[in-house]
Amino acid sequence: MHFSQLLLFALYTPFLSTAAVIGQRSSTTTTAVQSTATRAVFAHYMVGSMTSDEAVTDIQDAMNAGFDGFALNTHTISSSDTWNTDALNYLFTAAAGTNFKLFISFDMSWGLDVTQLAAFLAPYASKDAYYTINGKIFISTYTGGTISNSAWKSGLIDPLTSTYGINPYFVPNFGDFSGYPTGVFSAYPILNGVFSWESAWPFPGTTPVNVSDTVDSAALQEARAAGKTYMMPLSSFQFKYLGSDQDWYRIGEVNLPERMGQALQLQPDFVEVITWNDAGESHYVGDVWQEQIAGSAIGKYSDGFDHKGWLQMITPFIQAFKAGATSISQIAPPSTKPVGTLWYRTLLTSASCSSSISNYQSARDTVNFGVILPSTGYTINVYSNSNLIGTFAGQKGLNYNSVVGLTAGSGQMIEVLDSSNKVVASATGTKSVLAESSDATCNWNYEVVGLS
C-alpha cells in the first residue's frame, strides 16, 4: 500500500475491558464541572484518496449519526500530494452550508515540519465549514509532544496570527510529552486544551483488563486547573494484521460502552471517536473506501466487515453527552424501541494462528452486546451457535456485557424481549465462527450488527 493514501498508526498494544456484569465500569475519581467551551463530538477521519461523492456520503452519514464534525488526520502537507488536497477540498465542499464542521489534525508522527503548517492550514481556516470556538480555529494533532513550546509558538502559532490574521484554538494530542498529562500546560503555555489518544484503549498487557480513565481524569484535572479544555477519546477496539510487528489486537469486548460511561461521568469538553474510517486498525464506524486501502493487505481483514451497527450505540450516546447526562442510565433510544449492537470475532482464540497476534492472550471467546432500553422490564438473551449462553434483566439506559461461550458455527444472536416475553428487537450475525483460519489472514476483526 502507498501509505500516503491511508495512515495506519503503529501504536502500542493495550487491552480491553471484559465486563462481567451489565454496565460494569472502572472506578472514576473525578467528576468535573463543564467548562465554558461548547460540547461537541467529533470523529477522527483518515484523509485518503477519495471521490467527491464519497465525501458527500461520509459527511451526510456522520451528520445523521449526530456527529458535529471530523478531525481530519493530515499526514502530508506536500503540494505534490494532490490526493490529499483533493480529498480535503471535497470534504470542505461537502460540508459547506451545513452545521457539520471540520478541522485539521496534523499527524506529526510523519515528521511534518512545524514551520510549514501555518501556510498549509491558512486556506482551509477561512472556509465556511472550518470548526471554530469564539472565532478561533480549532487545530489538533496526533503526537507532537516532543517538540518544544517555543518551536510550536514560532513555527505555527505566531505565523498564524501575524501573517494570516488567524487566531488558533490549539488542542493537540501531546501524549508523547514526558509524563503526560502532568505538567503539560506548564510546559506548553500556547495550548488551549489537550486531546489524549492512548487512553481510548487499555494499556499493554496479556490478560483481559477493563479500560481505565486514569489518564483522562488526570488530563481533565490539569486542564481545569489551567483554565483549559479537554478532548476525550472514545473507541471500540484495535485489530491490525499486516505482518511482522504490525499484527496486534487491543481487546474490544466492551471497550466502547465502557468508555461511554467514563465520558459521561468525567464530563470532558469534547469527545473524539477513534475512528470514522481507519480500516487498517479496524476501529472504523463509517464506510471504508476501497481506493484508500488499494494495494495493501487491509482488505483481507476489513472487506465485508461493516461496523456501522456501532452507530446505534454512538448516536444516543452523543445526544446524552450533549444534553449533560452523567450516567449510562440516562442514554435513551431515539424512540420507544430498543436500539443497540451485537459484535463478536469470527475466529476462536484457540485457532493455531492466534499466537501470531501480539497480545492474543488478552482475548476471550465472547459474544458482546450493547443495548439501549427505554425502561426496565426487558430481557436480553445472548446466543452462540444457536445455543443460549446468557440471559440478562435489562435496565433503563445502556446495558452491555461480554458473554463467554462463543463457539464455532453460525447462530450468533441477541434478542430483546419485552415484559410479555415477546421479541421486540434482535440482531443476528451474518458470519459463522471458525475454529481455524481459512487462509493466511488470522482475522480477529469484529462482525458488528445493529438491532432490527
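The following exchange concerns a disulfide, a sheet and a pocket in a predicted model.

Colleague: Why is the link of C353 and C442 called a disulfide?

Modeller: The criterion is a pair of cysteine sulfur atoms within 2.5 Å. The sulfur atoms of C353 and C442 are 2.1 Å apart, and therefore the pair meets that cut-off. A search of the whole structure finds one disulfide.

Colleague: What makes this a link between distant parts of the chain?

Modeller: C353 lies in the loop between β12 and β13, whereas C442 lies in the loop between β18 (423-428) and β19; the two are 89 residues apart. With 75° about the S-S bond, the link is right-handed.

Colleague: How do you know that β12 and β13 pair?

Modeller: Pairing requires at least two bridges. Strand β12 (residues 339-345) and strand β13 (residues 366-373) have five bridges, in the antiparallel sense, so the requirement is met. V339, for instance, has I372 in β13 as its bridge partner.

Colleague: Why are β16 and β19 called edge strands?

Modeller: The open sheet of four strands has the order β16-β13-β12-β19, with antiparallel pairing. Strands β16 (397-404) and β19 (446-450) each pair on one side only. Helix α10 (residues 311-322) lies across β12, β13, β16 and β19, at about 135° to β12.

Colleague: Why are K300, K431 and D439 counted as charged in the lining of the second largest pocket?

Modeller: Lys and Asp belong to the charged class, so these residues are counted there. By class, the lining has three charged, six polar and three nonpolar residues. The volume of this pocket is about 220 Å³.

Conventions
Residues are numbered from 1 along each chain as its sequence is written. This is a predicted model: local features need pLDDT of at least 70, side-chain atom pairs count only at pLDDT 80 or more; totals for chains, interfaces and linings use all residues. Side-chain values use heavy atoms; hydrogens and water are left out. On a 1 Å grid over the protein atoms alone, a cavity is a set of points where a 1.4 Å probe fits but cannot get out, and a pocket is an open set with protein on both sides within 12 Å along at least five of seven lines; lining residues have an atom within 4 Å of a point. Grid points are joined across faces, edges and corners, and a volume is the space filled by probe spheres set on the points. Contact means heavy atoms within 4.5 Å. Axes are lines fitted to C-alpha atoms, for helices over the stretch in contact, and angles run from 0 to 180 degrees between N-to-C directions.
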